[in-house]
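Trainee: Before I look at the model, I want to know how each label is earned. Can we go through the terms one at a time, value against definition?

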There are 2 protein chains.
Amino acid sequence: MGSVVSELENAGIKPSYQRVRIFEYMQMNRTHPTADQVFLDLKDAIPTLAKATVYNTLHALAEKGLIRELSTVQPSTRYDYAAEDHGHFTCRICNRIYDFPYDFDSRHSALSGFVVESQEIVQKGICQACLKKAQQNSAFP
Amino acid sequence: MGSVVSELENAGIKPSYQRVRIFEYMQMNRTHPTADQVFLDLKDAIPTLAKATVYNTLHALAEKGLIRELSTVQPSTRYDYAAEDHGHFTCRICNRIYDFPYDFDSRHSALSGFVVESQEIVQKGICQACLKKAQQNSAFP
DNA sequence: TTATTTGTTTGGAATAATTCTAATGTTGTG
DNA sequence: CACAACATTAGAATTATTCCAAACAAATAA
Ligand SMILES: [Mn+2]
Ligand SMILES: [Mn+2]
Ligand SMILES: [Zn+2]
Ligand SMILES: [Zn+2]
(Lines give C-alpha, C1' and ligand atoms only; values in the text may rest on other atoms or scores of the structure.)
(Ligands and ions follow the chains in the order given, each with its own letter.)
Protein backbone atom coordinates (compact mmCIF):
# COMPACT_ATOMS: atom_id res chain seq x y z
CA MET A 1 0.00 0.00 0.00
CA GLY A 2 1.15 3.50 -0.74
CA SER A 3 2.40 5.40 2.25
CA VAL A 4 -0.10 8.09 1.38
CA VAL A 5 -2.99 5.76 2.08
CA SER A 6 -1.56 4.46 5.32
CA GLU A 7 -0.65 7.93 6.55
CA LEU A 8 -4.24 8.96 6.04
CA GLU A 9 -5.51 5.85 7.80
CA ASN A 10 -3.15 6.35 10.70
CA ALA A 11 -4.51 9.87 11.08
CA GLY A 12 -8.05 8.55 11.13
CA ILE A 13 -9.02 9.89 7.72
CA LYS A 14 -10.71 7.50 5.32
CA PRO A 15 -8.54 7.36 2.22
CA SER A 16 -11.08 8.19 -0.46
CA TYR A 17 -9.77 8.65 -3.97
CA GLN A 18 -10.02 12.43 -3.76
CA ARG A 19 -8.33 12.63 -0.38
CA VAL A 20 -5.48 10.43 -1.50
CA ARG A 21 -4.90 12.54 -4.57
CA ILE A 22 -5.03 15.80 -2.66
CA PHE A 23 -2.68 14.63 0.07
CA GLU A 24 -0.37 13.15 -2.55
CA TYR A 25 -0.38 16.51 -4.29
CA MET A 26 0.55 18.26 -1.05
CA GLN A 27 3.42 15.85 -0.48
CA MET A 28 4.81 16.39 -3.94
CA ASN A 29 4.28 20.13 -4.28
CA ARG A 30 6.12 22.12 -1.65
CA THR A 31 5.09 25.39 -3.23
CA HIS A 32 2.67 26.52 -0.53
CA PRO A 33 -0.31 26.38 -2.87
CA THR A 34 -3.72 27.92 -2.30
CA ALA A 35 -6.81 25.71 -2.22
CA ASP A 36 -7.66 27.04 -5.64
CA GLN A 37 -4.23 26.08 -6.98
CA VAL A 38 -4.68 22.54 -5.72
CA PHE A 39 -8.09 22.44 -7.36
CA LEU A 40 -6.83 23.77 -10.69
CA ASP A 41 -3.91 21.36 -10.79
CA LEU A 42 -6.02 18.31 -10.02
CA LYS A 43 -9.20 18.95 -11.98
CA ASP A 44 -7.72 17.74 -15.27
CA ALA A 45 -6.92 14.40 -13.71
CA ILE A 46 -10.14 14.33 -11.68
CA PRO A 47 -12.71 16.09 -13.88
CA THR A 48 -15.59 15.86 -11.41
CA LEU A 49 -13.58 17.22 -8.50
CA ALA A 50 -15.44 19.91 -6.57
CA LYS A 51 -13.79 22.86 -4.94
CA ALA A 52 -15.69 22.14 -1.75
CA THR A 53 -13.98 18.76 -1.60
CA VAL A 54 -10.60 20.43 -1.83
CA TYR A 55 -11.46 22.78 1.01
CA ASN A 56 -12.97 19.97 3.09
CA THR A 57 -9.95 17.76 2.58
CA LEU A 58 -7.38 20.44 3.26
CA HIS A 59 -9.17 21.31 6.48
CA ALA A 60 -9.31 17.68 7.52
CA LEU A 61 -5.62 17.19 6.76
CA ALA A 62 -4.70 20.32 8.67
CA GLU A 63 -6.79 19.30 11.66
CA LYS A 64 -4.91 16.02 11.86
CA GLY A 65 -1.59 17.78 11.47
CA LEU A 66 -0.74 16.20 8.12
CA ILE A 67 -0.46 19.60 6.48
CA ARG A 68 -0.16 23.15 7.75
CA GLU A 69 -2.58 25.95 7.15
CA LEU A 70 -0.61 29.11 6.62
CA SER A 71 -2.78 31.91 7.90
CA THR A 72 -2.75 33.72 11.15
CA VAL A 73 -6.19 34.91 11.85
CA GLN A 74 -9.50 33.95 10.42
CA PRO A 75 -11.63 35.03 8.79
CA SER A 76 -10.52 38.64 8.59
CA THR A 77 -7.38 40.62 9.17
CA ARG A 78 -6.93 42.02 12.65
CA TYR A 79 -5.06 45.21 13.46
CA ASP A 80 -2.89 46.09 16.42
CA TYR A 81 -1.20 49.23 17.64
CA ALA A 82 2.51 48.88 16.98
CA ALA A 83 3.81 48.88 20.50
CA GLU A 84 6.82 46.80 21.51
CA ASP A 85 7.42 43.41 19.90
CA HIS A 86 5.13 40.64 21.02
CA GLY A 87 3.56 37.45 19.78
CA HIS A 88 -0.10 36.60 19.40
CA PHE A 89 -2.20 33.71 20.54
CA THR A 90 -5.52 33.33 18.72
CA CYS A 91 -8.26 31.24 20.29
CA ARG A 92 -10.21 29.14 17.84
CA ILE A 93 -13.25 29.09 20.11
CA CYS A 94 -13.81 32.73 21.05
CA ASN A 95 -11.56 34.32 18.40
CA ARG A 96 -9.97 36.57 20.99
CA ILE A 97 -6.34 37.44 20.39
CA TYR A 98 -3.97 37.49 23.34
CA ASP A 99 -0.51 39.01 23.48
CA PHE A 100 2.48 37.11 24.74
CA PRO A 101 6.02 38.35 25.25
CA TYR A 102 8.32 37.60 22.36
CA ASP A 103 11.45 39.34 21.22
CA PHE A 104 12.11 39.03 17.51
CA ASP A 105 15.53 40.64 17.54
CA SER A 106 17.14 38.03 19.71
CA ARG A 107 16.49 35.27 17.20
CA HIS A 108 16.78 37.01 13.89
CA SER A 109 17.06 34.47 11.12
CA ALA A 110 16.70 36.49 7.94
CA LEU A 111 17.36 34.72 4.67
CA SER A 112 20.45 36.20 3.14
CA GLY A 113 19.65 38.75 0.46
CA PHE A 114 16.06 39.18 1.57
CA VAL A 115 14.58 42.32 3.08
CA VAL A 116 12.37 41.64 6.06
CA GLU A 117 9.87 44.45 6.57
CA SER A 118 7.76 42.90 9.29
CA GLN A 119 7.30 39.65 11.10
CA GLU A 120 4.73 37.91 13.19
CA ILE A 121 4.60 34.87 15.39
CA VAL A 122 1.19 33.39 15.95
CA GLN A 123 0.06 30.50 18.11
CA LYS A 124 -3.35 28.97 17.59
CA GLY A 125 -5.28 26.92 20.09
CA ILE A 126 -7.74 27.29 22.94
CA CYS A 127 -7.50 30.02 25.54
CA GLN A 128 -7.74 29.54 29.27
CA ALA A 129 -11.20 31.08 29.53
CA CYS A 130 -12.62 28.76 26.87
CA LEU A 131 -10.96 25.72 28.43
CA LYS A 132 -12.48 26.59 31.78
CA LYS A 133 -15.91 27.04 30.27
CA ALA A 134 -15.63 23.68 28.52
CA GLN A 135 -14.66 21.99 31.79
CA GLN A 136 -17.62 23.48 33.63
CA ASN A 137 -20.05 22.37 30.96
CA SER A 138 -18.76 18.82 31.08
CA ALA A 139 -18.72 18.64 34.88
CA PHE A 140 -21.00 15.96 36.31
CA PRO A 141 -24.15 17.35 37.98
CA MET B 1 -0.72 69.49 19.55
CA GLY B 2 -2.01 66.01 20.17
CA SER B 3 0.66 63.37 19.89
CA VAL B 4 -1.63 61.54 17.52
CA VAL B 5 -1.40 64.33 14.99
CA SER B 6 2.34 64.69 15.26
CA GLU B 7 2.92 60.95 15.07
CA LEU B 8 0.98 60.90 11.83
CA GLU B 9 2.92 63.89 10.50
CA ASN B 10 6.23 62.35 11.47
CA ALA B 11 5.27 59.26 9.54
CA GLY B 12 4.43 61.33 6.48
CA ILE B 13 0.68 60.85 6.70
CA LYS B 14 -1.49 63.94 6.44
CA PRO B 15 -3.56 64.10 9.61
CA SER B 16 -7.05 64.34 8.17
CA TYR B 17 -9.92 64.19 10.61
CA GLN B 18 -10.72 60.59 9.72
CA ARG B 19 -7.11 59.44 9.94
CA VAL B 20 -6.64 61.05 13.32
CA ARG B 21 -9.76 59.44 14.68
CA ILE B 22 -8.85 56.02 13.33
CA PHE B 23 -5.29 56.12 14.63
CA GLU B 24 -6.54 57.43 17.96
CA TYR B 25 -8.94 54.51 18.08
CA MET B 26 -6.10 52.06 17.45
CA GLN B 27 -4.04 53.61 20.22
CA MET B 28 -6.84 53.35 22.72
CA ASN B 29 -8.24 49.95 21.76
CA ARG B 30 -5.71 47.17 22.14
CA THR B 31 -8.28 44.54 21.29
CA HIS B 32 -6.89 43.59 17.87
CA PRO B 33 -10.01 44.81 16.06
CA THR B 34 -11.00 44.02 12.49
CA ALA B 35 -11.43 46.84 9.98
CA ASP B 36 -15.15 46.35 10.29
CA GLN B 37 -15.00 46.71 14.07
CA VAL B 38 -13.14 49.99 13.74
CA PHE B 39 -15.76 51.16 11.26
CA LEU B 40 -18.69 50.14 13.47
CA ASP B 41 -17.22 51.78 16.55
CA LEU B 42 -16.50 55.06 14.80
CA LYS B 43 -19.49 55.53 12.54
CA ASP B 44 -21.69 56.89 15.31
CA ALA B 45 -19.22 59.65 16.00
CA ILE B 46 -18.43 60.12 12.30
CA PRO B 47 -21.70 59.40 10.49
CA THR B 48 -20.36 59.89 6.97
CA LEU B 49 -17.36 57.60 7.51
CA ALA B 50 -16.88 55.15 4.66
CA LYS B 51 -15.56 51.66 5.09
CA ALA B 52 -13.11 52.27 2.26
CA THR B 53 -11.59 55.09 4.30
CA VAL B 54 -11.06 52.74 7.20
CA TYR B 55 -9.34 50.20 4.97
CA ASN B 56 -7.27 52.90 3.26
CA THR B 57 -6.19 54.40 6.54
CA LEU B 58 -5.36 51.11 8.22
CA HIS B 59 -3.24 50.15 5.24
CA ALA B 60 -1.45 53.48 5.29
CA LEU B 61 -0.80 53.23 9.02
CA ALA B 62 0.50 49.70 8.65
CA GLU B 63 2.75 50.65 5.78
CA LYS B 64 4.36 53.32 7.93
CA GLY B 65 4.69 50.93 10.83
CA LEU B 66 2.32 52.80 13.13
CA ILE B 67 0.09 49.77 13.46
CA ARG B 68 0.51 46.08 12.72
CA GLU B 69 -1.53 44.07 10.28
CA LEU B 70 -2.16 40.67 11.82
CA SER B 71 -2.40 38.29 8.91
CA THR B 72 0.20 35.99 7.59
CA VAL B 73 -0.57 35.58 3.96
CA GLN B 74 -2.77 37.48 1.60
CA PRO B 75 -5.22 37.28 0.08
CA SER B 76 -5.89 33.58 0.50
CA THR B 77 -4.77 30.83 2.81
CA ARG B 78 -1.76 28.83 1.67
CA TYR B 79 -1.12 25.20 2.55
CA ASP B 80 2.09 23.38 3.27
CA TYR B 81 3.06 19.78 3.81
CA ALA B 82 3.77 19.31 7.48
CA ALA B 83 7.42 18.46 7.37
CA GLU B 84 9.79 19.56 10.10
CA ASP B 85 9.32 22.93 11.78
CA HIS B 86 10.25 25.94 9.73
CA GLY B 87 9.35 29.57 9.28
CA HIS B 88 8.00 31.32 6.21
CA PHE B 89 9.02 34.40 4.33
CA THR B 90 6.36 35.85 2.05
CA CYS B 91 7.38 38.25 -0.69
CA ARG B 92 4.98 41.12 -1.21
CA ILE B 93 6.06 41.54 -4.83
CA CYS B 94 5.88 38.02 -6.27
CA ASN B 95 3.82 36.40 -3.49
CA ARG B 96 6.16 33.44 -3.36
CA ILE B 97 6.60 31.85 0.03
CA TYR B 98 10.08 30.76 1.08
CA ASP B 99 11.00 28.45 3.93
CA PHE B 100 13.60 29.36 6.50
CA PRO B 101 14.94 27.25 9.34
CA TYR B 102 13.24 27.87 12.64
CA ASP B 103 12.82 25.64 15.62
CA PHE B 104 9.73 26.35 17.68
CA ASP B 105 10.49 23.95 20.49
CA SER B 106 13.64 25.71 21.61
CA ARG B 107 11.78 28.92 22.41
CA HIS B 108 8.43 27.73 23.64
CA SER B 109 6.63 30.60 25.31
CA ALA B 110 3.12 29.30 25.87
CA LEU B 111 0.77 31.37 27.98
CA SER B 112 0.05 29.47 31.14
CA GLY B 113 -3.26 27.64 31.00
CA PHE B 114 -3.54 27.92 27.23
CA VAL B 115 -3.39 25.00 24.80
CA VAL B 116 -1.24 25.69 21.77
CA GLU B 117 -2.28 23.52 18.85
CA SER B 118 -0.12 25.05 16.16
CA GLN B 119 2.14 27.98 15.58
CA GLU B 120 3.62 29.92 12.73
CA ILE B 121 6.30 32.50 12.28
CA VAL B 122 6.04 34.65 9.20
CA GLN B 123 8.30 37.32 7.84
CA LYS B 124 7.07 39.69 5.17
CA GLY B 125 9.20 41.70 2.80
CA ILE B 126 10.91 41.48 -0.57
CA CYS B 127 12.71 38.38 -1.76
CA GLN B 128 16.15 38.29 -3.29
CA ALA B 129 14.87 37.61 -6.80
CA CYS B 130 12.53 40.59 -6.73
CA LEU B 131 15.21 42.86 -5.30
CA LYS B 132 17.56 41.82 -8.08
CA LYS B 133 14.94 42.47 -10.71
CA ALA B 134 14.22 45.91 -9.27
CA GLN B 135 17.95 46.76 -9.35
CA GLN B 136 18.29 45.72 -12.99
CA ASN B 137 15.29 47.80 -14.03
CA SER B 138 16.70 50.90 -12.35
CA ALA B 139 20.21 50.46 -13.72
CA PHE B 140 21.35 53.34 -15.92
CA PRO B 141 21.47 52.50 -19.64
C1' DT C 1 -28.11 -10.79 -1.76
C1' DT C 2 -30.78 -6.59 -0.80
C1' DA C 3 -32.01 -2.89 2.40
C1' DT C 4 -30.39 0.49 5.44
C1' DT C 5 -27.20 3.54 7.45
C1' DT C 6 -23.43 6.33 7.33
C1' DG C 7 -20.31 9.15 5.40
C1' DT C 8 -18.47 11.67 0.96
C1' DT C 9 -18.64 14.31 -3.05
C1' DT C 10 -20.75 17.46 -6.10
C1' DG C 11 -22.25 21.91 -8.00
C1' DG C 12 -24.11 25.87 -7.25
C1' DA C 13 -25.94 29.36 -4.19
C1' DA C 14 -24.95 32.25 -0.27
C1' DT C 15 -21.94 34.87 2.57
C1' DA C 16 -18.32 37.77 3.91
C1' DA C 17 -14.05 40.38 3.38
C1' DT C 18 -11.78 43.36 0.63
C1' DT C 19 -10.85 46.18 -3.36
C1' DC C 20 -12.24 49.11 -7.03
C1' DT C 21 -14.34 53.11 -9.14
C1' DA C 22 -16.42 57.32 -10.22
C1' DA C 23 -18.22 61.27 -8.17
C1' DT C 24 -17.76 64.57 -4.65
C1' DG C 25 -15.37 67.13 -1.19
C1' DT C 26 -11.22 69.23 0.86
C1' DT C 27 -6.73 71.37 1.16
C1' DG C 28 -2.97 73.85 -0.25
C1' DT C 29 -0.63 76.88 -3.83
C1' DG C 30 0.07 80.51 -7.23
C1' DC D 1 -10.07 83.18 -6.66
C1' DA D 2 -8.71 79.20 -9.81
C1' DC D 3 -6.36 75.14 -10.15
C1' DA D 4 -4.16 70.99 -8.92
C1' DA D 5 -3.49 67.37 -5.86
C1' DC D 6 -5.24 64.59 -2.69
C1' DA D 7 -8.91 62.35 0.38
C1' DT D 8 -13.40 60.62 1.21
C1' DT D 9 -17.71 58.64 0.07
C1' DA D 10 -21.08 55.11 -1.40
C1' DG D 11 -21.93 51.45 -3.65
C1' DA D 12 -20.69 48.03 -7.11
C1' DA D 13 -17.50 44.39 -8.19
C1' DT D 14 -14.46 40.84 -7.04
C1' DT D 15 -12.72 37.05 -4.54
C1' DA D 16 -12.26 33.52 -1.07
C1' DT D 17 -14.67 30.59 1.54
C1' DT D 18 -18.64 28.27 3.48
C1' DC D 19 -23.08 26.34 3.20
C1' DC D 20 -26.55 23.27 1.48
C1' DA D 21 -29.32 19.81 -0.59
C1' DA D 22 -29.05 16.18 -3.78
C1' DA D 23 -26.52 12.33 -5.70
C1' DC D 24 -23.17 8.85 -4.77
C1' DA D 25 -20.36 5.34 -2.50
C1' DA D 26 -18.98 2.41 1.10
C1' DA D 27 -20.04 -0.22 5.10
C1' DT D 28 -23.26 -2.90 7.76
C1' DA D 29 -27.35 -5.47 8.97
C1' DA D 30 -31.04 -8.45 7.77
MN1 LIG E 1 -1.09 42.48 20.18
MN1 LIG F 1 6.99 25.78 4.07
ZN1 LIG G 1 -11.16 31.52 23.83
ZN1 LIG H 1 9.56 38.11 -4.70
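Mentor: Start with the polar contact: a pair of N or O atoms within 3.5 Å; within protein, one atom must be able to donate a hydrogen and the other to accept it, and residues adjacent in sequence count only if both atoms are side-chain atoms. This is a predicted model, where local features need pLDDT of at least 70, side-chain atom pairs count only at pLDDT 80 or more, and totals for chains, interfaces and linings use all residues. Residues are numbered from 1 along each chain as its sequence is written, chains are lettered from A and ligands numbered from 1 in the order in which they are written, and side-chain values use heavy atoms, with hydrogens and water left out.

Trainee: What makes the pair of A50(B) and a phosphate oxygen of DNA strand D a polar contact?

Mentor: A polar backbone atom of A50(B) is 3.1 Å from that phosphate oxygen. The pair therefore falls within the limit and is a polar contact. S16(B) reaches a phosphate oxygen of strand D with a polar side-chain atom at 2.5 Å, and R19(B) does so with a side-chain N or O atom at 3.1 Å.

Trainee: Which residues around DNA strand D come nearest?

Mentor: There are 13 residues around DNA strand D, and Y55(A), H59(A), S16(B), T48(B) and T53(B) come nearest. A residue is near a strand if one of its heavy atoms lies within 4 Å of it. Of the strand D atoms within 4 Å of the protein, 86% belong to sugar or phosphate and the rest to bases.

Trainee: What classes make up the surface near DNA strand D?

Mentor: That surface has 5 nonpolar, 7 polar and 1 charged residues. Ala, Val, Leu, Ile, Met, Phe, Trp, Tyr, Cys and Pro count as nonpolar, Asp, Glu, Lys and Arg as charged, and the others, Gly among them, as polar. α4(A) gives the most, with 3 residues.

Trainee: Which residues come nearest to DNA strand C?

Mentor: Around DNA strand C there are 13 residues, of which S16(A), T48(A), T53(A), Y55(B) and H59(B) come nearest. Sugar and phosphate account for 83% of the strand C atoms that come within 4 Å of the protein. Phosphate oxygens of strand C lie 2.8 Å from a polar backbone atom of T48(A), 2.9 Å from a polar side-chain atom of T53(A), and 3.0 Å from a backbone N or O atom of T77(A). α4(B) gives the most to the surface near strand C, with 3 residues.

Trainee: How do you know that the length of α2(B) agrees with the expected span?

Mentor: Helices (H or I, at least four residues) and strands (E, at least two) are DSSP runs, numbered from the N terminus. The expected span of a helix is 1.5 Å times one less than its number of residues. For the 12 residues of α2(B) that should give 16 Å, and the end C-alpha atoms are 17 Å apart, so the two agree.

Trainee: Which residues of α2(B) are buried?

Mentor: They are V20(B), I22(B), F23(B), Y25(B), M26(B) and Q27(B). Their cover includes β2 (78-81) of chain A together with α1 (3-10), α3 (35-42), α4 and β1 (67-70) of chain B.

Trainee: Why is H86(B) called buried?

Mentor: Buried means under 20% relative accessible area, exposed over 50%, and partly exposed in between (1.4 Å probe, protein chains only). H86(B) has 6%, so the label is buried. H86(B) sits in strand β3 of chain B. Its side chain makes polar contacts with those of R68(A), at 3.1 Å, and H88(B), also at 3.1 Å. Contact in general means heavy atoms within 4.5 Å. Leaving out residues up to four places away in sequence, H86(B) touches H32(A), R68(A), D80(B), D99(B), F100(B), Y102(B) and F104(B).

Trainee: Why is N95(A) counted as partly exposed?

Mentor: N95(A) has 40% relative accessibility, which lies between the two cut-offs, so partly exposed is the label. N95(A) is in the loop between β3 (86-91) and β4 (97-101) of chain A.

Trainee: What is the phi of N95(A)?

Mentor: Phi of N95(A) is near 65 degrees, a positive value in a residue other than glycine. Most residues other than glycine have a negative phi. N95(B) has a positive phi of about 65 degrees and is not a glycine. At 43% relative accessibility, N95(B) counts as partly exposed.
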